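Student: I have a structure open and would like to talk it through with you. Shall we go over it together?
Tutor: Gladly, let's bring it up and take it one topic at a time.

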Amino acid sequence: MAIRKKNSKSPPVLSHEFVLQNHADIVSCVAMVFLLGLMFEITAKISIVFVTLQYNVTLPATEEQATESAFLYYYGIKDLATVFFYMLVAIIIHAIIQEYVLDKINRRMHFSKTKHSKFNESGQLSAFYLFSCIWGTFILISENYISDPTILWRAYPHNLMTFQMKFFYISQLAYWFHAFPELYFQKTKKEDIPRQLVYIGLYLFHIAGAYLLNLNHLGLVLLVLHYFVEFLFHISRLFYFSDEKYQKGFSLWAVLFVLGRLLTLILSVLTVGFGLARAENQKLDFSTGNFNVLAVRIAVLASICITQAFMMWKFINFQLRRWREHSTFQAPAVKKKPPVTKGRSSRKGTVAQSCPTLCNPMNRSTPDLPVHHQLPESTQTHVRLVGDAI
């Protein structure tokens, strides 16, 4: 994401710059059309498809739940319209966070272009990850996932979802779909677009896969686990940009990242490889949403394992690059020994040239303690490059 410059002259209407500067207002007007459609009887039926969740069923109250009936949901083709509407909402929220929070911090910190781009990325993602973690944890607690882990595979297929569960998945799909137009709105550099497309595509592939294959219980647990680790990384990067001495967050993130990959594999194998493999109903049935067959289970485990291996490979390369740069920076430079002379005055001059800070009579620092010398320009440039790489 490049730095957006506000020009005093307003660009022509519907021009490239006009759309970039006012995309949040344009999207807000489109979203208002759907909301205003709810006020009129002619357009209400169409607007409801976009604004509210579809495919709800009402289950009568049982002996265990005699107080009230349960309202559950399943998925269908109309969910695409709901995802589209909440994608517009995500674009509006993205612009609000960018303008009223991140841009104000950027003006105070005076970041370079590279740091400015990564600061905006981490600011947006940390807010989304934090919100998703809190929301997902609330669903896990309310539906007793923590006390009974067998819910992950028991009574499969999980084709009926609660309101919170379905709305969570709709919001997740809407957010990651909104990332595609944001590449244009935020003027993403061409060299960064392939990385962003892979990043977004992996999220959409796994979230949509868990949603369509009725593995929403397993997908929710894995998303909360992954989002928590990613939130820690991006919040650590935000603190690093404000103070480059802050490194503790990255060390904690490195440990939790490896543990997160390990827990993801354990839960996936436990649910798909053991729980679903021992289920009685193992027939492919599209009407009931049962995809518990050997081919699908192998495909699910293969996709999860390949993704985790890819993430670990990127993580190892990132850590090796950081360690290599850190070791290069701390390697002592080989200096030539000054010629030894017998004269007393020449020895004083040699010592004064080799360490002018200690021998300066105006410097009152203790010779036994480390004295901070100014780094040469090449070293300062190296430190800035390492900071931009993070």
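**Salt bridges, a helix, a cavity and a patch**

Tutor: Let's start with D148, which has a relative accessible area of 23% and is therefore partly exposed. Keep in mind that this is a predicted model.

Student: Which residue forms a salt bridge with D148?
Tutor: Look for a side-chain nitrogen of Lys or Arg within 4 Å of a carboxyl oxygen of Asp or Glu. Here the closest N and O atoms are 2.8 Å apart. The partner has 46% relative accessibility, so it counts as partly exposed. The residue paired with D148 is R154.

Student: How many residues apart are D79 and K166?
Tutor: These two form a salt bridge, with 3.1 Å between the closest N and O atoms. The pair links distant parts of the chain, as D79 sits in helix α4 (residues 79-109) and K166 in helix α6 (residues 163-185). Both D79 and K166 are buried. Along the chain, they are 87 residues apart.

Student: Is E121 buried or exposed?
Tutor: The side chain of E121 meets that of R195 in a salt bridge, at 3.9 Å from N to O. R195 has a relative accessible area of 45%, so R195 is partly exposed. For E121 the relative accessible area is 14%, and buried means under 20%, so E121 is buried.

Student: Which residue is linked with E121 and R195 in a network of salt bridges?
Tutor: R195 belongs to helix α7 (residues 193-212) and E121 to helix α5 (residues 113-142), 74 residues apart. A network of salt bridges takes in this pair and one further residue, R237.

Student: How far apart are the end C-alpha atoms of helix α8?
Tutor: Helix α8 covers residues 216-242, and at 1.5 Å a residue its 27 residues should span 39 Å. Of those 27 residues, 22 are buried, so α8 is largely enclosed by the rest of the structure. The distance between the end C-alpha atoms agrees with the expected span: 38 Å.

Student: Which residue in the loop between α7 and α8 has a positive phi although it is not a glycine?
Tutor: Most residues other than glycine have a negative phi, and most peptide bonds are trans. In this loop, one residue has a phi of about 60°. With a relative accessible area of 1%, this residue is buried. The residue is N214.

Student: Where is P157 found?
Tutor: The peptide bond from Y156 to P157 is cis, with omega near 10°. P157 is found in the loop between α5 and α6.

Student: Which helix gives the most to the lining of the largest cavity?
Tutor: The structure holds two cavities of 30 Å³ or more, and about 60 Å³ of space lies in the largest. Its lining includes Y156, L213, L215 and F291. Three lining residues come from the helix that gives the most, α10 (residues 294-330).

Student: What accessible area does the nonpolar patch on the surface have?
Tutor: M32, L35, L36, L38, M39, F40 and I48 form this patch. Helix α2 (residues 23-37) provides the largest share, three residues. L38 lies in the loop between α2 and α3, and its 36% relative accessibility makes L38 partly exposed. Together, the patch residues have an accessible area of about 660 Å².

Conventions. Residues numbered from 1 in each chain as written. Predicted model: local features only at pLDDT ≥ 70, side-chain atom pairs only at ≥ 80, totals over all residues. Heavy atoms only, no water. Patch = residues over 30% accessible without salt bridge, like charges linked within 9 Å, V, L, I, M, F, W, Y side chains within 5 Å. Areas by Shrake-Rupley, 256 points an atom, 1.4 Å probe, with all protein chains shown as cover. Helix = DSSP H or I, 4+ residues; strand = E, 2+ residues; numbered from the N terminus. Buried < 20%, exposed > 50% of the residue type's maximum accessible area, 1.4 Å probe, protein only. Expected span 1.5 Å × (residues − 1). 1 Å grid on protein atoms, 1.4 Å probe; cavity = no way out; pocket = protein on both sides within 12 Å on 5 of 7 lines; lining within 4 Å. Points joined across faces, edges and corners; volume = space filled by probe spheres on them.
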